[in-house]
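Biologist: Please take me through the sheet in this model, strand by strand. I would like to know what pairs with what, what packs against the sheet, and which charged side chains meet there.

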Amino acid sequence: MMQEFHDRAPILAGWISLISNIVLTIVKIVVGTLFHSPVLLADGYHNAGDVVASGAALTSMRISQRPADEDHPYGHGKAEVISAAIVAIILGLAAVYIAYESISAFFAEPEKASIIAFITAIVSLVAKQVLYVYTIRIGKRVNSKGLIATAYDHLADVYASLAAVAGIGLALVGDHYGITILSYGDPIAGIIVTILVFKLAYGMGKEALDTLMEKSVEQERLDSFTELIQSVPEVKRIDRLRAREHGHYVLVDLRIGVDGTLTIQEGHDIIRKIKQTIMEEYEDVDEVLIHLNPWYEKEE
């Protein structure tokens with residue numbers, strides 16, 4: 001039952017994200033064009049990039065669930081990491097685009113604000129916040145890098161939509177009370193959003209690159225593995241312990257010292273016990289590779 005959830009929930013969330021992004025892109029571009037709202041139009045084009053990002057994440061999640069084969073003996077988990085890197089690049093480009101539009105707006109005559117555009121921006125803000133909470137919860141629960149990347153993409157859209165709401169709202173107030181300077185609230189908010197989106201893109205990109213470069217899991221996790229291994233009485237010494245993320249699962253590589261007089265069968269049983277101990281404690285550990293070294297009491 002749990003495995004079924006791990007397999008289906010990320011895919012369902014991916015489809016929901018993709019369809020939602022397509023709908024929001026169409027709505028924003030149509031409303032932005034009809035009511036001459038540059039900020040909503042820019043947000044719509046930004047959402048078009050999200051469609052590509054959601055599609056990449058969904059594809060990668062499907063690929064990552066394929067079982068190991070002859071060409072990919074460690075599985076296909078890194079497909080999600082690649083999609084996370086793609087999303088980070090798209091977010092970085094979106095930040096550049098938002099910055100360009102925001103700066104350009106300072107040198108152009110401000111457009112008259114539309115209440116329809118304002119309502120559309122609010123709907124987008126609420127929808128994206130709901131999508132962010134939904135996808136980040138599932139993504140972290142199943143440790144899906146692709147879905148977590150999609151969630152942060154939704155969060156970037158929350159920032160962008162918030163800027164659109166603030167910008168259009170200020171422009172509406174400015175139009176009503178004849179305060180021209182308020183019409184430039186949108187580009188100011190856009191620049192702030194640029195910084196936030198760049199920060200998200202950098203964090204996602206760095207994490208994806210670390211995983212692709214086989215960076216070790218955090219020391220706290222290694223210490224926990226060490227405690228579990230040492231809880232097995234037959235283990236006399238830990239010679240080497242390494243662990244790395246491979247997308248949504250973790251691979252552990254271990255060398256331990258055991259009594260050199262044990263039989264092959266006894267050594268095999270120890271390996272099985274260690275694997276079982278680690279994998280029962282951590283559901284995201286997919287493989288534990290163990291090499292046994294002989295240990296003799298006189299070495300102590």
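Modeller: Some context comes before the sheet. Of the 300 residues in the chain, 46% count as buried. This is a predicted model. The chain holds 8 helices and 3 strands. From the N terminus on, the order is α-α-α-α-α-α-α-β-β-α-β. Among contacts with a separation of 6 or more, 73% are between residues 24 or more positions apart. The chain exposes about 15,800 Å², and carbon and sulfur atoms supply 63% of that area.

Now the sheet. It is open, has 3 strands in the order 1-2-3, and its pairing is mixed. Strand 1 covers 237-245 and strand 3 covers 285-295. Both stand at the edges with a single partner strand each, so one side of each has no neighbour in the sheet. From one strand to the next, the twist averages 15°.

Take the two pairings in turn. Strands of a sheet pair through backbone hydrogen bonds, in a parallel or an antiparallel sense. Strand 1 and strand 2 are antiparallel, with 8 bridges. One pair to look for is L241, which stands opposite L254 in strand 2. Strand 2, residues 250-259, runs parallel to strand 3, and 10 bridges join them. Along that pairing, R255 stands opposite H291 in strand 3. D259 has W295 of strand 3 as its bridge partner.

Two helices cover parts of this sheet. Helix 7, residues 219-230, packs on it and touches strand 1, strand 2 and strand 3. The direction of helix 7 makes about 135° with that of strand 1. Helix 8, residues 264-281, also packs on the sheet, touching strand 2 and strand 3. Its direction makes about 145° with that of strand 3.

How enclosed is strand 2? Of its 10 residues, 8 are buried, so strand 2 is largely enclosed by the rest of the structure.

For a closer view of helix 8, pick I271, which is found in that helix. I271 counts as partly exposed, at 21% relative accessibility. The cut-off for buried is under 20%, so I271 does not count as buried at 21%. Leaving aside neighbours within four places in sequence, I271 is in contact with I290 and L292. The C-alpha atoms of I271 and V288 are separated by 9.1 Å, and the two residues are 17 apart along the chain.

Next, the charges. Side chains of opposite charge can pair when their charged atoms come close. The structure holds 7 salt bridges. R240, R242 and D253 are linked in a network of them. Start with R240 and D253, whose closest N and O atoms are 3.4 Å apart. R240 lies in strand 1 and D253 in strand 2, so this pair ties together parts that are 13 residues apart in sequence. R240 is partly exposed, with a relative accessible area of 29%. D253 counts as buried at 16% relative accessibility.

D253 also forms a salt bridge with R242, and here the closest N and O atoms are 2.6 Å apart. R242 is in strand 1 and D253 in strand 2, so this pair ties together parts 11 residues apart in sequence. R242 counts as partly exposed, at 43% relative accessibility.

Another salt bridge involves helix 8. The side chains of K273 and E234 meet with an N to O distance of 3.1 Å. This pair links distant parts of the chain: K273 is in helix 8, and E234 is in the loop between helix 7 and strand 1, 39 residues apart. Both ends are partly exposed: K273 has a relative accessible area of 34%, and E234 is at 28% relative accessibility.

Two sites in other elements round out the view. D157 lies in helix 5, residues 145-177. D157 counts as buried, at 0% relative accessibility. Not counting residues up to four places away in sequence, D157 touches N21, H46, N47, D50 and K128. The other site is a nonpolar surface patch of about 780 Å². I22, I26, V30, L34, F35, I115, I116, I119 and V123 make up that patch. Helix 1 (2-34) and helix 4 (115-142) are the elements that give two or more residues to the patch.

Terms used. Residues numbered from 1 in each chain as written. Predicted model: local features only at pLDDT ≥ 70, side-chain atom pairs only at ≥ 80, totals over all residues. Heavy atoms only, no water. Pairing = 2+ DSSP bridges. Helix = DSSP H or I, 4+ residues; strand = E, 2+ residues; numbered from the N terminus. Axes fitted to C-alpha atoms, helices over the stretch in contact; angles between N-to-C directions. Contact = heavy atoms within 4.5 Å. Patch = residues over 30% accessible without salt bridge, like charges linked within 9 Å, V, L, I, M, F, W, Y side chains within 5 Å. Areas by Shrake-Rupley, 256 points an atom, 1.4 Å probe, with all protein chains shown as cover. Salt bridge = Lys/Arg side-chain N within 4 Å of Asp/Glu carboxyl O. Buried < 20%, exposed > 50% of the residue type's maximum accessible area, 1.4 Å probe, protein only.
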